[in-house]
Amino acid sequence: MSLYSDNLTTQPSFYLPDLFALSAPFKGSTNPHYARAAAESRAWVAKYAHIFDDQERAAFAMGCNELLVAHTYPRAPFEEFRTVCDFVNLLFVVSLYRLR
């Protein structure tokens, strides 16, 4: 009798870790400058809104780019946070413009 004969009758199995337990200690945070910086950044981008149609402006408004930045940089001071908001919004503008 072979040493490996029992392995043919058993089903392969694997272990899945409890991923929810691993992520429980992490809490999300939002930059405290979000409201003011988002409003200023959107006002800055609105200067260039004339180059987009209504559908593109709606897509930009629904994107919540500043909220993404607020969650990505929760401890950034106002000026740095505002700069990143402007940069991400500028990327959106350039992306839409290049698609034309």
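Let me start with Phe60, which is buried, with a relative accessible area of 12%. I should say at once that what we are looking at is a predicted model, so every value I quote this morning is computed from that model.

Phe60 is a useful place to begin, since it takes part in an aromatic pair: the ring centres of Phe60 and Phe92 are 5.0 Å apart and the planes stand at 45°, so the pair is classed as tilted. Phe60 belongs to helix H3 and Phe92 to helix H5, so this pair ties together parts that are 32 residues apart in sequence. The partner ring is in another class of exposure, because Phe92, at 22% relative accessibility, counts as partly exposed, the limit for buried being under 20%. Phe60 also appears in a second, separate core of five residues, which includes Val45, Phe52 and Leu96 as well.

The count of aromatic pairs comes to two. The other pair is made by Trp44 and Tyr48, with ring centres 5.9 Å apart and planes at 75°, so this one is edge-to-face. Trp44 is partly exposed at a relative accessible area of 25%, and Tyr48 is likewise partly exposed, at 38%.

Let me step back to the overall layout. The protein chain has five helices and zero strands, and from the N terminus on the elements therefore read α-α-α-α-α. Of the 100 residues in the chain, 23% are buried. If we take the contacts with a separation of 6 or more, 75% of them are between residues 24 or more positions apart.

Now to the largest nonpolar core, which consists of seven residues, namely Ala37, Val69, Ala70, Ala76, Phe78, Phe81 and Cys85. Two elements give two or more residues to this core, helix H4, spanning 65-72, and helix H5, spanning 78-98, and the largest share, three residues, comes from H5.

Which residues does Cys85 touch, leaving aside those up to four places away in sequence? They are Ser41, Glu66 and Val69, and Cys85 itself counts as buried, at 1% relative accessibility. For anyone wondering about cysteine pairing, the structure holds zero disulfides.

Ser41 deserves a moment of its own. This residue is placed in helix H2 and is buried, with a relative accessible area of 0%. With the same exclusion of residues up to four places away, Ser41 touches Glu66, Arg82, Cys85, Asp86 and Asn89, so the contact with Cys85 that I mentioned a moment ago is seen here from the other side.

Let me turn to H4, where the buried residues are Asn65, Glu66, Val69 and Ala70. Why do these four belong to the same side of H4? They cover an arc of only 140° around the axis, and that puts them on the same side of the helix. As background, an α-helix has 3.6 residues a turn, so residues three or four places apart point the same way. What covers the buried residues of H4 includes helix H2, spanning 34-46, helix H3, spanning 54-63, and H5.

The two ends of H3 are also worth a look. At its start, a side-chain oxygen of Asp53 reaches to within 3.2 Å of the backbone nitrogen of Gln55. H3 is then followed by Cys64, whose phi is positive, near 50°. Most residues other than glycine have a negative phi, and Cys64 has its positive value although it is not a glycine. Cys64 lies in the loop between H3 and H4 and is partly exposed, with a relative accessible area of 35%.

The last residue on my list is Pro77, which lies in the loop between H4 and H5 and is partly exposed, with a relative accessible area of 42%. What is the separation between the C-alpha atoms of Pro77 and His33? The computed value is 7.7 Å, for two residues that are 44 residues apart along the chain.

To close, I would keep two items from this predicted model in mind for the discussion: the seven-residue core to which H5 gives three residues, and the tilted pair of Phe60 and Phe92, which ties H3 to H5.

Conventions:
Residues numbered from 1 in each chain as written. Predicted model: local features only at pLDDT ≥ 70, side-chain atom pairs only at ≥ 80, totals over all residues. Heavy atoms only, no water. Core = buried A, V, L, I, M, F, W, Y, C linked by side-chain atoms within 4.5 Å. Buried < 20%, exposed > 50% of the residue type's maximum accessible area, 1.4 Å probe, protein only. Contact = heavy atoms within 4.5 Å. Arc of directions from axis to C-beta. Polar contact = N/O pair within 3.5 Å; in protein donor to acceptor, adjacent residues only side chain to side chain. Disulfide = S-S within 2.5 Å. Phe/Tyr/Trp six-rings, centres within 6.5 Å; stacked < 30°, edge-to-face > 60°.
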